Each structure stands twice: as C-alpha cells, then as structure tokens.
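Please read this report alongside the sequence and the 3D view shown below. It goes from the whole chain to single residues and ring pairs.

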Amino acid sequence: MLNALTRPMLVKKISFSAALFLGIILLAWSSDEPSLWQIQQIIAHKRFVDLTHEFAPGIPHWPGFPDETRKTIYWYEKRPDVMGTGFFSELYTHVGQWGTHVDPPAHFIKGLRTVDQIDPKEMVLPLVVIDVHDEAAKNPDYTLSLERVEKWEKEHGPIPGGAFVAMRTDWSKRWPDTAKMENKDINGIAHYPGWSLPALKYLYEQRQITASGHETTDTDPGIAASKNDYSLETYVLGKNHYQIELLTNLDQVPEAGALVVASFPKPKNGSGFPARVFAIVP
C-alpha cells in the first residue's frame, strides 16, 4: 500500500515516463519523410526562376566558334523549300558550347567525363549565389576572391557540400549584344569578370561543391581569355566537375536557400550542350 510520501513520487515517475513515451512517438512521427508527391506539391507552390538564355543564330558566343544555322525541313502546309508537310521540324547546327550551356570535364581534359556521364543526382543541388555585381560594375576585370567567398560564409553560414555556386555579376544584362558582352578595348583585349584560383580551390577542395556557373562566356576573366589563358576553366574541369556558362536572372534569386536544377540532353560522348537551368526559390 502506498503511503503519503511514496504516492506523489510514483505519480511523478509515471508522468515522466508517459511524457517520455509521448515524446518518442512525436519524434518518430515528425521524422517520417514526406513522400515524393508531397515534396512535389511543396515545390510546385514555390517561385521558379529561369536562369537560361534563349538561343538563336547571332547570340553572343566564344569568338572561335561558328554561328548557329537553322533550316525548316518540314512545315504544316506544302512549301517548295521543305522536305515534307504536316508538322513543323527544324535542322539545328551549332557547337555544344552554345547559349546557356554545360561544359563537362572532357571539354578540356581528355579521358574525363563527357555530358552523358554526368549523374542526374548532380543536376538538383543547393544553389549558392555570390553577388558581386557592384564590384563588377566598378571594375569589369573583377575576379572573385577567396576573401569574398569567406565574407559570404560569414553572412550565410558554410557553403553546403554538393552545392552549385554561381557568381552573380549582372553581365547577362548586356545580352544579346556581343560587343557589350566582350567589352573589348581599342587593342582588342576583352574586359569581363571571372573567378580566381584561390576561390575555386577553396570551393571545390574545401567545401566539396558539385558545380559552378557564371554569366560570362568564360570561367577566366576577359583579360586572360584574350591571351588564350583558360587555366581556371582547366582547373574546374580537371577536377572532373562540370560548369554552366552564360547564366542569367541571378538577380532574381536569393544568395542562399534556393535549389537549382541544371538539366541538359544526353549526347553520347558529348563535349557540351545547351542547358536548361532554373532555380526554385523559397
């Protein structure tokens, strides 16, 4: 029989046990993963931002490449200049590095991965946007420094492993004017922003990011590219990672918290291809 002293102690033990049991049940319930369909419903109500330029003949591109050509080969009605009728179909001729595009490792490094060998898991990633558009406006030869990356981390926390890191320069606002994109001086030297090797080494080797991207035609700044110095692009691709060039609309994406989907076709042994890249914004 319980006396007056032991009864309250037992009640407390029972209450504590019940609370602990309830806590475990709630924890187990709350840790259940939502289904993929539930995740899709959550994502569907977020804002989507297209980070991709439309491509067509005449767009800005690396000067060593030929322009795109297109020809309509089927048309809805009969025409003398097409192969057949009943539907609309075109023949496209362009290099792999056309418009907003993916550069796989094999683009620069023989024997490394081609476009078709990039894992789909590398295409849906946390998106980090390092905003240096003010710096680029003041200095078109600006390069993203390690100090600037560290400043981003002080403001937003460590860059997550596996992230896609994009450098926002607002250079895409010059699109589709090739002269403004190249920004050449009277000596034919281009002036546009780029990355720095210390920043890239930190991102890929320390933070273990998956990929990076930018709004210009090159990883390397314009001054270097004008001298055929592509050492920074060689570094990224040489690490067996891919990059996306000629991004746009990074000004519509927060610096932290968004997701990026970087998708592209799957040409066998492909050296590159136009990409469709978009952000999902919280």
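The sections below describe a predicted model, starting with its overall make-up.

## Overall make-up

The predicted protein has 8 helices and 14 strands, and of its 282 residues, 41% count as buried. Its exposed surface comes to about 15,800 Å², of which carbon and sulfur atoms supply 59%.

Contacts across the sequence can be summarised in a similar way: among those between residues at least 6 apart in sequence, 71% join residues at least 24 apart.

## Aromatic pairs

The structure holds 10 aromatic pairs. In one of them, the ring centres of Trp 62 and Tyr 230 are 6.4 Å apart with their planes at 70°, so this pair is edge-to-face. The pair links distant parts of the chain, 168 residues apart, with Trp 62 in the loop between strand 1 (47–50) and strand 2 (69–75) and Tyr 230 in the loop between helix 7 (222–225) and helix 8 (231–238). Trp 62 is partly exposed because its relative accessible area is 29%, whereas Tyr 230, with a relative accessible area of 15%, is buried.

Another pair is formed by Trp 75 and Phe 88, whose ring centres lie 5.2 Å apart with planes at 85°, so that it too is edge-to-face. Here Trp 75 sits in strand 2 and Phe 88 in the loop between strand 3 (84–85) and strand 4, with their positions 13 residues apart along the chain. Trp 75 counts as partly exposed at 23% relative accessibility, and Phe 88 is partly exposed with a relative accessible area of 40%. Beyond single pairs, ring pairs link Trp 62, Phe 65, Phe 108 and Tyr 230 into a cluster.

## Ser 196 and its surroundings

Is Ser 196 buried or exposed? Its relative accessible area is 13%, and because buried means under 20%, Ser 196 counts as buried. The residue is found in the loop between strand 9 (194–195) and helix 6 (197–206).

Two polar approaches involve the side chain of Ser 196: a polar atom of this side chain lies 2.6 Å from the backbone oxygen of Leu 144, and the side chain also reaches the backbone nitrogen of Ala 199 at 3.3 Å. When neighbours within four places in sequence are left aside, Ser 196 is in contact with Thr 143, Leu 144, Ser 145, Leu 146 and Leu 232.

## Thr 93 in strand 4

Thr 93 lies in strand 4, which covers residues 89–93, and is partly exposed, with a relative accessible area of 44%. Which residues does Thr 93 contact once its neighbours within four places in sequence are left aside? The contacts are with Asp 67, Glu 68 and Thr 69. For Glu 68, which is 25 residues from Thr 93 along the chain, the C-alpha atoms of the two residues are separated by 5.6 Å.

## A nonpolar surface patch

On the surface, Leu 36, Trp 37 and Ile 39 form a nonpolar patch, and together these residues have about 410 Å² of accessible area. Leu 36 has its place in helix 2, which comprises residues 36–44.

Why does Leu 36 count as exposed? The relative accessibility of Leu 36 is 69%, and because exposed means over 50%, the residue falls into that class.

Note on methods
Residues numbered from 1 in each chain as written. Predicted model: local features only at pLDDT ≥ 70, side-chain atom pairs only at ≥ 80, totals over all residues. Heavy atoms only, no water. Patch = residues over 30% accessible without salt bridge, like charges linked within 9 Å, V, L, I, M, F, W, Y side chains within 5 Å. Areas by Shrake-Rupley, 256 points an atom, 1.4 Å probe, with all protein chains shown as cover. Salt bridge = Lys/Arg side-chain N within 4 Å of Asp/Glu carboxyl O. Helix = DSSP H or I, 4+ residues; strand = E, 2+ residues; numbered from the N terminus. Buried < 20%, exposed > 50% of the residue type's maximum accessible area, 1.4 Å probe, protein only. Polar contact = N/O pair within 3.5 Å; in protein donor to acceptor, adjacent residues only side chain to side chain. Contact = heavy atoms within 4.5 Å. Phe/Tyr/Trp six-rings, centres within 6.5 Å; stacked < 30°, edge-to-face > 60°.
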